[in-house]
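Colleague: Could we go through this structure together? I have a few short questions.
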Amino acid sequence: MPTDRPTAAELVEAVREFLADHVTPNVEGQLAFHTRVAINALAIVERTMAEGDAMDAAELDRLRDLLGQDGGLGEMNAALSKAIRSGEMDDKRTAVLDHLRQTAEDKIALANPKYLIQRG
Amino acid sequence: MVEAVQDPELSAGEQLAAVLRDRLAQEYGAGTEIEGLVRLSGGASRETWSFDALKTDGTRQPLILKRDPMDRQVEKKFEGVPEGRLNVGRLVEGRLLQLAGEVGVPMPKVPFFLEKDARTTEGFFTHRLPGEALGRRIVRDDAYAQARPRLAYQIGHAAGRFHTIPLDDLPRMRGLPAAEELLHYRAIMDSFHQPHAGFEYGFRWLQERLELAGERYALCHGDFRNGNILVDEDGLVGVLDWESAHLGNPSSDLGWMCVRSWRYGYHDNVVGGFGDVADMLDGYEAGGGGWIDPEEIYFWQVFGTLRWGILCMILGFTHLDGEQRTVEYAVIGRRAAETEYDLLQLLD
């Protein structure tokens, strides 16, 4: 990747701002809705570029501990899924659940951080 | 079979307006005009239109038309998954609204139907009632402050009414036992070849507790949630969107109402973001549905949360597989993470 600025993340940010500041005020109905969705999608990309690597590393660490084996993130998740289905993880439920909850929280921190906020 | 075709010379609204004038002439007399025809935003699986019928005696009838989409949708196919779709057609859906209304469920009147022909897909009309269907506003707007404390009881009561419609009175519908439905959704997840440890944990949890699913069959709404109810200042005025209706365990509807995704941030109000389970179950008993163990509702709340997660995945992959490219589905695919989070909070 080039080190020149704007970086990829900064370009995504520029597009998101363009949509929010210049497209949103000029569209309505279905197009306004899809513009809002597109803005959300770009925000997910921005957060992933900033925080994704650290989250992946931590998830992989937890998976190594749980499974007692090594591999890539996809491979390890496939192994955990298979082990849960077959009942092999039944005696490690608490540890599995702790791991899964942390992983899900990370996913939401990227996909929709507002989801964790309580209203009312 | 006749397939409706959109005339390229006309806009969708113009073609529909001509169809509506003919149909309304049959019901309200020749010369009935239509006014304010507008397509409401809604699901891709159907079209919803709003308009007023202006009768020749000067009176006005606000109406909603719900019909199958004119641009035919690609049915998403799942590799190695047996048919499990529970959706009903528009004519059955309209009939179910009528049946529910007849047993005392608050419901807009369904005055007549729209048969399919060369110009239109099939559909049904309802009287358009004033009220709010957007869940976010129902849980938040001051206008519904008096309605909110009543809603859990009222929707429980409504479910108690339509769950006890005799099965013999119903149009032909599909049914699926809980165990099979569970395997159905797991097979769909497998067809995406994207291992999902969180959902896997949910499937295992449910399978170990299948005896909680209950062994009863009733008319289930199938998508009974905040977002598919119509509410005014005094409370419930309609239960809408019956396209997922099927025969199933009645508790599945009540558990679905408790899924966190339609609490719109008001997480403490387990029922739709406005009420609690005890009120809903009180209403259910008063409506004739009988007593239900809250543990059974909890089972179906977990089931519903997992199901919503799989449905999010389906939409994400509908985009990824190229069947319907849209940024909306792409982002909904990521919302599976929200239901995964909710699911894991519910499990032990």
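Modeller: The following turns treat two strands, one loop residue and the contact between two chains.
Modeller: This is a predicted model, in which local features need pLDDT of at least 70, side-chain atom pairs count only at pLDDT 80 or more, and totals for chains, interfaces and linings use all residues. Residues are numbered from 1 along each chain as its sequence is written, and chains are lettered from A and ligands numbered from 1 in the order in which they are written.

Colleague: In which sense do β7(B) and β8(B) pair?
Modeller: Strand β7 (residues 229–232) of chain B pairs with β8(B) in the antiparallel sense, over four bridges. Strands are DSSP runs of E with at least two residues, numbered from the N terminus, and two strands pair if DSSP finds at least two bridges between them. The two strands form a hairpin, with two residues between them.

Colleague: Which residue of β8(B) stands opposite B:Ile229?
Modeller: That residue is B:Val239.

Colleague: Why is β8 of chain B largely enclosed?
Modeller: Four of the five residues of β8(B) (residues 235–239) are buried, so the rest of the structure largely encloses this strand. A residue is buried if 20 or more other C-beta atoms, placed from the backbone, lie within 10 Å of its own.

Colleague: Now the loop: where is B:Asn226?
Modeller: B:Asn226 lies between β6 (218–220) and β7 of chain B. B:Asn226 is buried, because 27 other C-beta atoms are within 10 Å.

Colleague: And how many residues does each chain bring to the contact?
Modeller: Chain A brings 30 residues and chain B 24 residues; contact requires C-beta atoms, placed from the backbone, within 7 Å.

Technical notes
Buried ≥ 20, exposed ≤ 12 C-beta atoms within 10 Å, placed from the backbone. Contact = placed C-beta atoms within 7 Å.
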